[in-house]
Every structure is written in structure tokens, then in C-alpha cells.
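Ready for some practice in reading a protein structure? Work through each task with the picture open, and try it yourself before you look at the solution.

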Amino acid sequence: MNPIIAELTRAQIQPDRFVFKVGDGVRVHTKVREGDKERVQVFSGIVIARKGRGAAETFTVRRISYGEGVERVFPVHAPTIAKIEVDRVAVTQKARLYYLRKRVGKQATTVKERRLLEAAGALDATSTAEAGLAAAEAKAAAAAAVEAAAKAKAEKAEKATAAAAKK
């Protein structure tokens, strides 16, 4: 990636901003401007997809409103998102839950929840939470390593151009 673009997008990314995954029930608090006033609007539903990476990463939230399915796509790193609350933690086997679009009624919002699997003894709550935190820390460390490598490469290029200018 171009170092200039990487530097600009790095400023927009907030690495540990929100920790959630596909299948989780979330409440997204967005800032809405109406004239000269600003208020917070809540959109709650199930995360059915996460796409992209870096500053362009987005997630799709689906809910049933008055019998109709409503989906909304949010950028993860948008400054208009005040906060994201995770209501229900789910265990999914797919990266995209587009099959929920075909379902009707209660089945349209039903995903295997972690608490039900924990009660059955299939999952250990502390180990999965620690694994999620460790994954977030590893992702942040990898981003820092990429940043350091890009900086070193840029400095090396500057030294090479300075040496060429002296000759």
C-alpha cells in the first residue's frame, strides 16, 4: 500500500473501538444531525455481515420492523457512531448470515446464543471471552508492526533519495 494512503487511513482507524462479531445482537447508537441540533438514534438488530478492512470496514445489521426486514450498513470506524452495545453473543458457523433474509417470524431473528450453549456445557464463558480479547490484542499488535515496517521503508527511501541527490 502507498505509504501516504496508509498514513492517512491509520489516523482514522481506532483499533479497539468495538468488539463484536457476526451473529451478535447489537444496539448501534448513531449521531443524527437535524438542523442545528444533534441527537443519538439507536438501531438494534443482528449483525449479519462484516466486510472490508481498515478504514473501509463495514458491518450490516438486520432487524424486523412492523413485519418487514430492515437492514442498515454502518462503517465500523465512522465518527457518527457513538457506541455499540452487544445485547446477545452468538455462536455462528458462517461468516455471513444472509440465510436469515428468507426466514419469517421468530426464525428470522433466531441464532444460537452463547448463553444457551454455556448452559449445556458446550462452551466455557471465560475461555471464549479471553480468546476474543487475545485476538483483538493480536490484531492491534499486527497493525503496529505493519505501521513500523511502513515507517522504516519510508525512511530507507528518504535516505536513498538523499544519497542520490548528493551524487
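**Exercise 1. Pairing strands**

Task: In this predicted model, find in which sense β3 and β4 pair, and over how many bridges.

Solution:
- Step 1. Look at the two strands side by side: β3 and β4 pair in the antiparallel sense, over eight bridges.
- Step 2. Pick out residues that face each other. Thr60 stands opposite Val73 in β4, and Arg63 stands opposite Val70 in β4.
- Step 3. Now turn to another neighbour of β3. Strand β2 (residues 37-51) pairs with strand β3 (residues 58-65), also in the antiparallel sense, over five bridges.
- Step 4. Check one bridge of that pair: Ala49 has Thr60 of β3 as its bridge partner. Thr60 thus appears again, having already been placed opposite Val73.

**Exercise 2. Two turns and their phi angles**

Task: Find which residue takes a positive phi in the hairpin of β3 and β4, and decide whether Tyr66 is buried or exposed.

Solution:
- Step 1. The hairpin of β3 and β4 has two residues between the strands, and Tyr66 there takes a positive phi near 55 degrees.
- Step 2. Recall the usual pattern: most residues other than glycine have a negative phi.
- Step 3. Compare with the case at hand: the phi of Tyr66 is positive, in a residue other than glycine.
- Step 4. Tyr66 lies in the loop between β3 and β4. Tyr66 counts as exposed because its relative accessibility is 85%, and the cut-off for exposed is over 50%.
- Step 5. Look at the other hairpin as well. Six residues separate β2 from β3, and Gly52 in that turn has a positive phi of about 80 degrees.

**Exercise 3. Two residues in loops**

Task: Decide whether His77 is buried or exposed, then do the same for Glu57.

Solution:
- Step 1. Place His77: this residue is in the loop between β4 (68-75) and β5 (81-88).
- Step 2. Apply the cut-off for buried, which is under 20% relative accessible area. His77 has 13%, so His77 is buried.
- Step 3. List contacts, leaving out residues up to four places away in sequence. His77 touches Gln12, Ile13, Gln14, Arg17, Gly54, Ala55 and Glu57.
- Step 4. Follow the contact to Glu57, which sits in the loop between β2 and β3. With a relative accessible area of 9%, Glu57 is therefore buried.
- Step 5. Beyond four places in sequence, the contacts of Glu57 include Arg50, Phe74, His77 and Lys139.

**Exercise 4. Finding the cores**

Task: Find which residues of the largest nonpolar core touch the most other members.

Solution:
- Step 1. Start from a general idea: in soluble globular proteins, nonpolar side chains tend to be buried together.
- Step 2. The largest nonpolar core has 13 residues, of which Val28, Phe59, Val61, Ile81 and Ile84 touch the most other members.
- Step 3. Ask where the members of this core come from: β1 (25-34), β2, β3 and β5 each supply at least two residues.
- Step 4. Zoom in on Val28. Among its contacts, not counting residues up to four places away in sequence, are Val42, Phe59, Val61, Phe74, Ile81 and Ile84.
- Step 5. There is also a second, separate core of eight residues, including Val22, Leu97, Leu100 and Val111.

**Exercise 5. Describing a pocket**

Task: Find the volume of the second largest pocket and sort the residues of its lining by class.

Solution:
- Step 1. The volume of the second largest pocket is about 160 Å³.
- Step 2. Its lining consists of Val91, Thr92, Gln93, Lys94, Tyr99, Val111 and Lys112.
- Step 3. Sorted by class, the lining has three nonpolar, two polar and two charged residues.

**Exercise 6. The whole chain**

Task: Find how many helices and strands the chain has, and in what order the elements run.

Solution:
- Step 1. Count the elements: there are three helices and five strands.
- Step 2. Read from the N terminus on, and the order is α-β-β-β-β-β-α-α.
- Step 3. Look at helix α1 (residues 3-12), where Pro3 is placed. Pro3 and Lys153 are 150 residues apart in sequence, and 8.8 Å apart in space, C-alpha to C-alpha.
- Step 4. Finish with burial: of the 167 residues of the chain, 22% count as buried.

Technical notes: Residues numbered from 1 in each chain as written. Predicted model: local features only at pLDDT ≥ 70, side-chain atom pairs only at ≥ 80, totals over all residues. Heavy atoms only, no water. Helix = DSSP H or I, 4+ residues; strand = E, 2+ residues; numbered from the N terminus. Buried < 20%, exposed > 50% of the residue type's maximum accessible area, 1.4 Å probe, protein only. Contact = heavy atoms within 4.5 Å. Pairing = 2+ DSSP bridges. 1 Å grid on protein atoms, 1.4 Å probe; cavity = no way out; pocket = protein on both sides within 12 Å on 5 of 7 lines; lining within 4 Å. Points joined across faces, edges and corners; volume = space filled by probe spheres on them. Nonpolar A, V, L, I, M, F, W, Y, C, P; charged D, E, K, R; others polar. Core = buried A, V, L, I, M, F, W, Y, C linked by side-chain atoms within 4.5 Å.
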